[in-house]
Every structure is written in C-alpha cells, then in structure tokens.
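Here is a short briefing for a first look at this model. Start with the structure below, then work through the topics.

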Amino acid sequence: MICLGIESTAHTFGVGIVTSEGKILANAKKVFTTETGGMILREVAKHHEKICDSVVSEAMEKANVNWDKIDLIAYSRGPGLAPALKVGKDLAKKLSSEHNKPIIGVNHCVAHLTIGQLCTGAKDPVFLYVSGVNTQVIAIAGGKFRIFGETLDIGIGNALDKFGREAGLGFPAGPKIEELAEKGKYIEMPYVVKGMDTSFAGLVTKATQLLKKGEKIEDVCCAFQETAFAMVTEVSERALAHCEKKELLLIGGVAANKKLCSMLDKMCKQRNAKFFAVPLEYAGDQGAMIAWQGILEQGKSKEIEIDIYPYERTDTIEVVWD
Ligand code: ATP
Ligand code: FE2
C-alpha cells in the first residue's frame, strides 16, 4: 500500500509518500517564512493555498508514482492553526473525490512520534518531544499515549527563539545559540522542575537581564542551554525509571542540538538504556510522518468525521497499531 500524507498545521505545507513497508518515497515541502519568524494566520493559509498543488506534484514526481499507485490519502487534522489546517483538509477531500481514494485524518503530534520510531527502530521508548511549541515527555501505557510531563509555559524552542530575538540573533535562534554556547561558560540560571513538569519563561527573562547587564553572550547561551537541557534530561530519566522502559527517543526540531543529544545519551548510558534521536529531515514538520501515521491507522482506528481538530491532544489518541 502507498499513502500520500498532507501536513499543514502551521508554517510548513508538506506532502510525503510512504509505503506500508515504511519506505519513504518522497517528502516535499514549502515553508511560509517571515524575517522575524512571526505568523500572520491569514497569510499562512494563503501561502499554503497557493503552493499546495505544486508540492503534491513535486512529491509525486520524486516518488515516481501516479494516482493509480496511491491507495490512501492522509492529512493532519490537528492540533494546529485552524486556517492552515483547513487548507490541508480541503485539499485531501478534493484529491480524494477526484481520484476516488479513501481519506484519513491523523494527529500531527502522534505522527511526529511514530516517524521517529520508523526512522530509528526504537520499539517502545519514552519520547522526549522538544519543538518550538511543545516540550513533553510521553510514553505508551495501557494502549494510550500518556504525557508524563510537559512545560508549564512555553516550549524549549520558543524559549530559545524568544531569547534569540532579544539578543538580536535572528530566527530561528536555536542553531545560533548552540554555536555561541560552545565558546561560553556556565552561569547560574533559574532551574524549574515541578514534579515532572518544566518551565522556561523565567530562563528567558533571566538570560535577557544578564545580557543587558553586560555578561558575554557566549556565556549566557551556554548557561541557557545547560539549564534548559538539564531540566528535560532530569524528567526524561524519571520517566524511564517510572515506566521501566529501556529506550529514549528524542523528537522535534530541538533534536538538532548536539549538546542536548550528548546529555541525553550520557544519562541513558548510565542507566543501561538506548538513546535515539530522529534524523534531522524528519524532526520538523513534514508530510512523510502524516503518510506513515495514515498507514499505521488505516482500517484500525475509530472513524471520525473528516474535519479539523485544532486542539486535539496526543493523550486522546488510542494506539491501535503494533
Ligand atoms: P511543532 O508544531 O511540532 O511544535 P514547531 O514548528 O513548533 O513544531 P519544530 O519545527 O519542530 O517546531 O522546531 C523548531 C524549533 O527548533 C525552533 O524553535 C528552533 O529554534 C529549534 N531548533 C532548531 N535547531 C536547533 C538547534 N540546533 N538547537 C536548538 N534548537 C533548535
Ligand atoms: Fe510539528
């Protein structure tokens, strides 16, 4: 079986084509960008509307398939920005009726998790999901995804970007902060772990204050990373212990950070667990993950109306696949 997956929850409009054996045949995308990284909802939707057909064609050309070969259309139904989600859903419906193909809506966050498993071979991991918006520690227990801990305010990526904006580092700031941090030294910063939850807003405020006071940007970046990453390493370790799992899988855009990977790898080695990080191409938003999730769920998950679900949470999704 071959599935064509459509991603359009936020900035990225992506189309991926994946086989039921897990072979990724194509993963085309176009990203709406502004200089400051801001987002004007109507413009994002307009951007997606304008380029969606060309991204579908690009993916089909790359995969070298025509509509006869496609068995299923999947789209991300949520969570995300309603106007952007609507573009993906409408396109999926249009293609489904034009080419007479079944259609399935899937959860975007769950798709991030399962593409991570597909790419790394991790079987039953604790997931550390660190993107712009999300910072969550997740594992499957009792047939459902359970969120063991999450940020109480902003996600790590947004925290890095917010500080980066204050420091004039451009957007996205994560890679720039990583580079600067390599040359810096540690300064004490607010470390906030409450039970299994984390908080990063205070870190942004403190880092901005330190910079204004004249601390070196390299040192502030180093301390910011050390503190934020130690917080998520701590809660990941506790989740591994609590769930008695032996694998940790890092997913989301912040997985690109080598320092974070090395801290998590070290923690895993100390407790005889295996550390996996999603490959960069599949870390951010893209269509291949939606296609793969469609394959996993087709014919198994409860059918729900073909619509958008902008607030759908990961822990409401039943794990109906192996
Ligand atoms: P989601 O909808 O899944 O939350 P998102 O658009 O919020 O996705 P991603 O695309 O997964 O986020 O990741 C983008 C984030 O990753 C940005 O905040 C960016 O600063 C951060 N990032 C990218 N590279 C690095 C890096 N090397 N180090 C740290 N952070 C990074
Ligand atoms: Fe995402």
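How many Å separate the centres of domain 1 and domain 2, taken over C-alpha atoms? The answer is 27 Å. Keep in mind that this is a predicted model. The points below cover the domains, the ligand, one hairpin and one helix residue.

**Two domains**
- The domain assignment splits the protein into domain 1 (2–112 + 283–316) and domain 2 (116–279).
- Domain 1 is thus listed as two stretches of chain, 2–112 and 283–316.
- The centres of the two domains, over C-alpha atoms, lie 27 Å apart.
- Domain 1 gives 15 residues to the contact, and domain 2 gives 17 residues.

**The shell around ligand 1**
- Ligand 1 is surrounded by 22 residues.
- The closest are Y129, S131, D161, E178 and G253.
- Both domains take part: domain 1 and domain 2 each supply at least three residues of the shell.
- By class, the shell holds eight nonpolar, 11 polar and three charged residues.

**Polar contacts of ligand 1**
- The side chain of S131 places an N or O atom 2.5 Å from an oxygen atom of ligand 1.
- Y129 has a polar side-chain atom 2.7 Å from an oxygen atom of the ligand.
- G157 uses its backbone instead: an N or O atom there is 3.2 Å from an oxygen atom of ligand 1.
- On its own, ligand 1 has 650 Å² of accessible area, and the protein covers 84% of it.
- Three elements give two or more residues to the shell: α3 (108–120), α4 (156–166) and α5 (174–181).

**The β7–β8 hairpin**
- Strand β7 covers residues 135–141, and strand β8 covers residues 144–150.
- The two strands pair in the antiparallel sense, over six bridges.
- A139 sits opposite R146 in β8.
- Two residues lie between the strands of this hairpin.
- G142 takes a positive phi there, near 60 degrees.

**T120 in helix α3**
- T120 belongs to helix α3.
- Which residues does T120 contact, leaving aside its neighbours within four places in sequence? They are L249, F276, A277, V278 and P279.
- T120 and F276 are 156 residues apart along the chain, but their C-alpha atoms are separated by 6.5 Å.
- A polar atom of the T120 side chain lies 3.2 Å from the backbone nitrogen of A122.

Note on methods:
Residues numbered from 1 in each chain as written. Chains lettered and ligands numbered in written order. Predicted model: local features only at pLDDT ≥ 70, side-chain atom pairs only at ≥ 80, totals over all residues. Heavy atoms only, no water. Near = heavy atom within 4 Å. Polar contact = N/O pair within 3.5 Å; in protein donor to acceptor, adjacent residues only side chain to side chain. Areas by Shrake-Rupley, 256 points an atom, 1.4 Å probe, with all protein chains shown as cover. Helix = DSSP H or I, 4+ residues; strand = E, 2+ residues; numbered from the N terminus. Nonpolar A, V, L, I, M, F, W, Y, C, P; charged D, E, K, R; others polar. Domains from an automatic or database assignment. Pairing = 2+ DSSP bridges. Contact = heavy atoms within 4.5 Å.
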